[in-house]
Amino acid sequence: MSSLLLTVALSLAAASLFSLGNHCSKRALNYADSQTVTLYQMGIATALYWLTAPLYMRLDYWLSAALPIIAAIGLFRPLLSANLGTAGTRILGPTVSSTMGATGPLVGVTLGVLWLGETLTWQGALGTFGIAAAVVVLSWRGSAARHWPLWALLLPIGATLVRSVSHAISKIGMESIPSPFFVALVTYSVSFPLALLWDRLRGERVVHRSLPLRGVLWMFGSGTLYAIAVASLNTALLSGDLVVVSPIVACGPLITLMLGVWVFNEAHLDRRTVVAVSLVVPSVALIGIAR
């Protein structure tokens, strides 16, 4: 398998794992609030990375000059990006927030070209715009009177920007520390304590001893899926360009919906879904032949 095809496959795997994790999270929310679910997921992912650390840990990684760069990712993602995204959904509503989030592939590709010096072919550009258009089609629910301030648009855009910048920084860091798992371990090891501290400052109770076993299992499943998804995403960034990885990972909303149709029986195919699929499939194919 060529390097480009490997990158495409890993990116699709990451998008699929994130989507499956979203469905597990939805079920976990039947047993606990979103703050608790998120903290459990982050804690589980952090624990899994440390438990598997002997398989990839090397002393020289801790001595690398790139370590502070990688650790900096944990200061912003997922804590800041998640809070910005949640605030955007609360103020703007899911339709506008998701639509603005469709700028993710465009932001990622722009960073890849301008910051990392990657090359964007016409096939890659067309595929990126196709995926962004598909996300817009999938998320749009019709027009409604605007009852929110214009500055609120910065919330989902900010969340998207944080995610895209973190991907770029991860790729830069892996030039010196070529270990996708170690990068994920450091990021989560910074993020999880910060998330706990944030909840403590807000006076929230994050430990619920009365959680039913089924709820804990759903949180364990989603946390595990997210951990593997992040490792797959980092591996894709290590093997290929951000201009390839970013738009493909952005297919997540479509994969989430398709899993809802075919696996979880909680959604149905409609015209928007068919249009989105018709845009995404050739767009990913275009990105896959972009070299």
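Colleague: Which residues is Phe182 in contact with, leaving aside its neighbours within four places in sequence?

Modeller: In this predicted model, and with those sequence neighbours set aside, Phe182 is in contact with Tyr56, Met57, Tyr61, Trp62, Leu67 and Ile177. Phe182 is also listed among the residues with the most contacts inside the largest nonpolar core, together with Phe18, Tyr49, Tyr188 and Leu233.

Colleague: How many residues does that largest nonpolar core have, and which elements give two or more residues to it?

Modeller: The largest nonpolar core has 39 residues. The elements that give two or more residues to this core are α1 (3-28), α2 (34-51), α4 (67-76), α10 (180-201), α11 (213-239) and α12 (242-249). Of these, α11 gives the most, with 9 residues. Apart from this core lies another one of 21 residues, and Val8, Ile131, Met258 and Ala276 are among them.

Colleague: Back to Trp62, since you named it as a contact of Phe182: where is its place, and is Trp62 buried or partly exposed?

Modeller: Trp62 sits in helix α3, which covers residues 59-62, and it is partly exposed, with a relative accessible area of 35%. Trp62 also helps to make a nonpolar surface patch of about 480 Å², together with Trp50, Leu59 and Leu63.

Colleague: What about charges, how many salt bridges does the structure hold?

Modeller: The structure holds 1 salt bridge, in which the side chains of Arg58 and Asp60 meet at 2.8 Å, N to O. As a general point, side chains of opposite charge can pair when their charged atoms come close.

Colleague: And are Arg58 and Asp60 buried or partly exposed?

Modeller: Arg58 counts as partly exposed because its relative accessibility of 43% falls between the cut-offs of 20% and 50%. Asp60 is likewise partly exposed, with a relative accessible area of 38%.

Colleague: Let me step back to the overall fold: how many helices and strands does the protein have?

Modeller: The protein has 14 helices and 0 strands, so the pattern read along the sequence is α-α-α-α-α-α-α-α-α-α-α-α-α-α. Among contacts between residues at least 6 apart in sequence, 89% join residues at least 24 apart.

Colleague: What share of the residues counts as buried, and what does the accessible surface come to?

Modeller: Of the 291 residues of the protein, 49% count as buried. The accessible surface comes to about 14200 Å², and 69% of that belongs to carbon and sulfur atoms.

Colleague: Pick one helix, say α8: what does it reach from its first C-alpha to its last, and which of its residues are buried?

Modeller: Helix α8 (residues 122-139) has 18 residues and reaches 26 Å between those two atoms, close to the 26 Å expected at 1.5 Å a residue. Its buried residues include Gln123, Gly124, Gly127, Thr128, Gly130 and Ile131, and further along the helix Ala132, Ala134, Val135, Leu138 and Ser139 are buried too. Ile131 is also one of the residues of the 21-residue core.

Colleague: Now some polar residues. Where is Ser164 found, and what does it touch, not counting residues up to four places away?

Modeller: Ser164 is found in helix α9 (residues 154-173), where it is buried, with a relative accessible area of 5%. Beyond those sequence neighbours, Ser164 touches Gly104, Val107, Gly108 and Leu111.

Colleague: And Asn234, buried or exposed?

Modeller: Asn234, whose place is in helix α11, counts as buried at 5% relative accessibility. Leaving aside neighbours within four places in sequence, Asn234 is in contact with Ser170, Met174, Pro180, Val183 and Ala184.

Colleague: How about Asn22, which helix is it in?

Modeller: Asn22 has its place in helix α1, and at 38% relative accessibility it counts as partly exposed. The C-alpha atoms of Asn22 and Ser222 are separated by 7.1 Å, although these residues are 200 residues apart along the chain. Not counting residues up to four places away, Asn22 touches Tyr226 and Thr256.

Colleague: Last one: where is Leu211, and how far are the C-alpha atoms of Leu211 and Tyr31 separated?

Modeller: Leu211 lies in the loop between α10 and α11 and is buried, with a relative accessible area of 14%. Its C-alpha atom and that of Tyr31 are separated by 6.9 Å, with their positions 180 residues apart along the chain. Leaving out residues up to four places away, Leu211 touches Tyr31, Ala32, Thr36, Tyr40, Val216 and Met219.

Methods:
Residues are numbered from 1 along each chain as its sequence is written. This is a predicted model: local features need pLDDT of at least 70, side-chain atom pairs count only at pLDDT 80 or more; totals for chains, interfaces and linings use all residues. Side-chain values use heavy atoms; hydrogens and water are left out. A salt bridge is a side-chain nitrogen of Lys or Arg within 4 Å of a carboxyl oxygen of Asp or Glu. Buried means under 20% relative accessible area, exposed over 50%, partly exposed in between (1.4 Å probe, protein chains only). Patches are made of residues with over 30% relative accessible area and no salt bridge: like charges are joined within 9 Å, nonpolar side chains (Val, Leu, Ile, Met, Phe, Trp, Tyr) within 5 Å. Accessible areas come from the Shrake-Rupley method with a 1.4 Å probe; for residues, only the protein chains shown count as cover. Helices (H or I, at least four residues) and strands (E, at least two) are DSSP runs, numbered from the N terminus. Contact means heavy atoms within 4.5 Å. A nonpolar core is a set of buried Ala, Val, Leu, Ile, Met, Phe, Trp, Tyr and Cys residues joined through side-chain atoms within 4.5 Å. The expected span of a helix is 1.5 Å times one less than its number of residues.
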